[in-house]
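Work through the exercises below with the sequence and the coordinates side by side, and try each task before reading its solution.

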Amino acid sequence: MPTRFHFEHTFRAPDPATVFAAYFDAGHQREQDAAVAIAHRHVLEDVDGPAQRQRHSRVTPRRQLPAVLRPLVKGDLAYDETLVWTKAADRLDFDIQPHLLDGRARIVATYQLATLGPGQVRRSYDGQVTVEVRLVGARIERAIVDDLGRSLDIAARVTQAYLDRHAPAT
């Protein structure tokens, strides 16, 4: 059974469009990747249309599997990330497929922005992690969710700092 997650962060920003502009800004992406220890992000496809934007990337973290686990686990910590931004809905849908465990792990999530009030935008990140490994799958899922929560907290701080420097005053 998949492990579900929900994370929220509130940004000081005039509107969701400002947060999405930061999200897709290359400079912001570099800052955020550095903060969450991403070694490489290779964008394989990025199609920006009037209603949707779709991006497919291969992402390689700096950290690697502990040496003791490498002989036991197939793959590495790199992953393929596909996201679809539905612009009118202020929503990003993610499909993340880790290379780890030979395709038996998957993360699907929705990143939703909503205006809370003047100068406040809430980001909700909801989804689930599925790891199809008998006996230890649920434990691996919980570890992935814990790591995701830590990474999202760091990313939110980086995003707010970026917005503080670049966004119009609210």
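**Exercise 1.** In this predicted model, which residues of the largest nonpolar core touch the most other members?

Solution. Begin with the membership: the largest nonpolar core holds 36 residues, and those that touch the most other members are F5, V19, L92, F94, Y111 and Y125. Next, ask where the members come from: β1 (3-12), α1 (16-23), β4, β5 (91-98), β6 (105-117), β7 (120-131) and α3 (137-166) each supply at least two residues, and the largest share, six residues, is that of α3. Finally, set this against a general tendency, namely that nonpolar side chains in soluble globular proteins tend to be buried together.

**Exercise 2.** List the residues that Y125 contacts, leaving aside its neighbours within four places in sequence.

Solution. With those neighbours set aside, Y125 is in contact with F5, H6, F7, F94, I96, A109, T110, Y111, L148 and L152.

**Exercise 3.** Determine how strand β3 (residues 52-61) is paired with β2 and β4, and which of its side chains are buried.

Solution. Take the β2 side first: strand β2 (residues 38-48) runs antiparallel to β3 and is joined to it by nine bridges, D48 has R53 as its bridge partner in β3, and a hairpin of three residues links the two strands. Then turn to strand β4 (residues 79-86), which pairs with β3 in the antiparallel sense over eight bridges, R58 having D80 as its bridge partner in β4. Lastly, follow the alternation along β3: the side chains of R53, R55, S57, V59 and P61 point to one face and are buried, whereas Q52, Q54, H56, R58 and T60 point to the other and are not.

Methods: Residues are numbered from 1 along each chain as its sequence is written. This is a predicted model: local features need pLDDT of at least 70, side-chain atom pairs count only at pLDDT 80 or more; totals for chains, interfaces and linings use all residues. Side-chain values use heavy atoms; hydrogens and water are left out. Buried means under 20% relative accessible area, exposed over 50%, partly exposed in between (1.4 Å probe, protein chains only). Helices (H or I, at least four residues) and strands (E, at least two) are DSSP runs, numbered from the N terminus. Two strands pair if DSSP finds at least two bridges between them. A nonpolar core is a set of buried Ala, Val, Leu, Ile, Met, Phe, Trp, Tyr and Cys residues joined through side-chain atoms within 4.5 Å. Contact means heavy atoms within 4.5 Å.
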